[in-house]
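Work through the exercises below with the sequence and the model at hand. Each task is followed by a solution in steps.

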Amino acid sequence: MELEAVAEELGHAVVGIAADMKTALELAAHAEIALVDVNLRDGETGPTIGLRLAQEFGLTVVFMTANPSRLGLDVPGTLGVVCKPVTDVMTAEVIDFAERHRTRQPIDYTPPQIALFPRMQA
């Protein structure tokens with residue numbers, strides 16, 4: 001719920017919180033940015049969800065998880081990973097970064113808490 005409040009404070013409309021892959025894919029058509037955990041109600045589906053949201057729906061995806069090693073070195077089409085727990089300030093910085101990336105605005109600051117996937121660092 002805190003993620004939702006932070007996103008709304010930044011002026012984003014939150015389309016929903018997905019507890020499983022089915023819900024995430026249903027919400028995808030209405031979203032632009034997705035913060036995805038590795039473990040959801042239906043298991044360790046986060047990496048597949050992130051990949052599909054990025055590749056099939058064109059969403060800007062950032063993983064937020066306590067299990068970053070489960071993602072491997074890259075999930076194609078996604079930005080990177082933030083290791084939980086996170087503060088509201090960290091969440092706001094990550095959402096702002098994702099929005100700037102999505103809208104191709106100049107990015108003069110990469111939040112230190114986000115580990116970009118290697119292809120994003122080039």
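Helices (H or I, at least four residues) and strands (E, at least two) are taken here as DSSP runs, numbered from the N terminus. The model is predicted.

**Exercise 1.** Identify the elements that line the largest pocket, and the residues closest to its centre.

Solution. Begin with the volume of the largest pocket, which is about 1,000 Å³. Its lining has 39 residues, and those closest to the centre are Leu3, Gly16, Ile17, Ala34 and Leu35. Next, assign the lining to elements: H1, H2, S1, H3 and H4 each supply at least two residues. Finally, rank the shares; H1 gives the largest, with five residues.

**Exercise 2.** Find which members of the largest nonpolar core touch the most other members, and locate the core on the chain.

Solution. The core has 18 residues, and the members that touch the most others are Ala34, Val36, Ile49, Leu53, Val61, Phe63 and Leu71. Mapped onto the elements, at least two core residues come from each of helix H2 (21-27), strand S1 (33-36), helix H3 (46-57) and strand S2 (60-65). A second core, separate from this one, has nine residues, among them Val62, Met64, Leu79 and Ala98.

Now take valine 36 and set aside its neighbours within four places in sequence. What remains in contact with valine 36 is Gly46, Ile49, Gly50, Leu53, Val61, Val62, Phe63 and Met64.

**Exercise 3.** Search the whole structure for aromatic pairs and classify the geometry of what is found.

Solution. The search returns one pair. The ring centres of phenylalanine 63 and phenylalanine 117 are 6.5 Å apart, and the planes meet at 70°. Planes over 60 degrees apart count as edge-to-face, so this pair is edge-to-face. As for position, phenylalanine 63 belongs to strand S2, while phenylalanine 117 sits in the loop between strand S4 (114-116) and helix H5 (118-121). The pair thus links distant parts of the chain, 54 residues apart. Both phenylalanine 63 and phenylalanine 117 are buried.

**Exercise 4.** Check the span of helix H4 (residues 88-102) against the expected value, then list its buried residues and what covers them.

Solution. The expected span is 1.5 Å times one less than the number of residues. For the 15 residues of H4 this gives 21 Å, and the end C-alpha atoms are 21 Å apart, so the two values agree. The buried residues of H4 are Thr91, Ala92, Val94, Ile95, Phe97, Ala98 and Glu99. Their cover includes helix H1 (2-9), S1, S2, strand S3 (80-83) and S4. Just after H4, arginine 104 has a positive phi of about 55°.

How values were computed
Residues are numbered from 1 along each chain as its sequence is written. This is a predicted model: local features need pLDDT of at least 70, side-chain atom pairs count only at pLDDT 80 or more; totals for chains, interfaces and linings use all residues. Side-chain values use heavy atoms; hydrogens and water are left out. A nonpolar core is a set of buried Ala, Val, Leu, Ile, Met, Phe, Trp, Tyr and Cys residues joined through side-chain atoms within 4.5 Å. Buried means under 20% relative accessible area, exposed over 50%, partly exposed in between (1.4 Å probe, protein chains only). Contact means heavy atoms within 4.5 Å. Rings of Phe, Tyr and Trp (its six-membered ring) pair if their centres lie within 6.5 Å; planes under 30 degrees apart count as stacked, over 60 as edge-to-face and the rest as tilted. On a 1 Å grid over the protein atoms alone, a cavity is a set of points where a 1.4 Å probe fits but cannot get out, and a pocket is an open set with protein on both sides within 12 Å along at least five of seven lines; lining residues have an atom within 4 Å of a point. Grid points are joined across faces, edges and corners, and a volume is the space filled by probe spheres set on the points.
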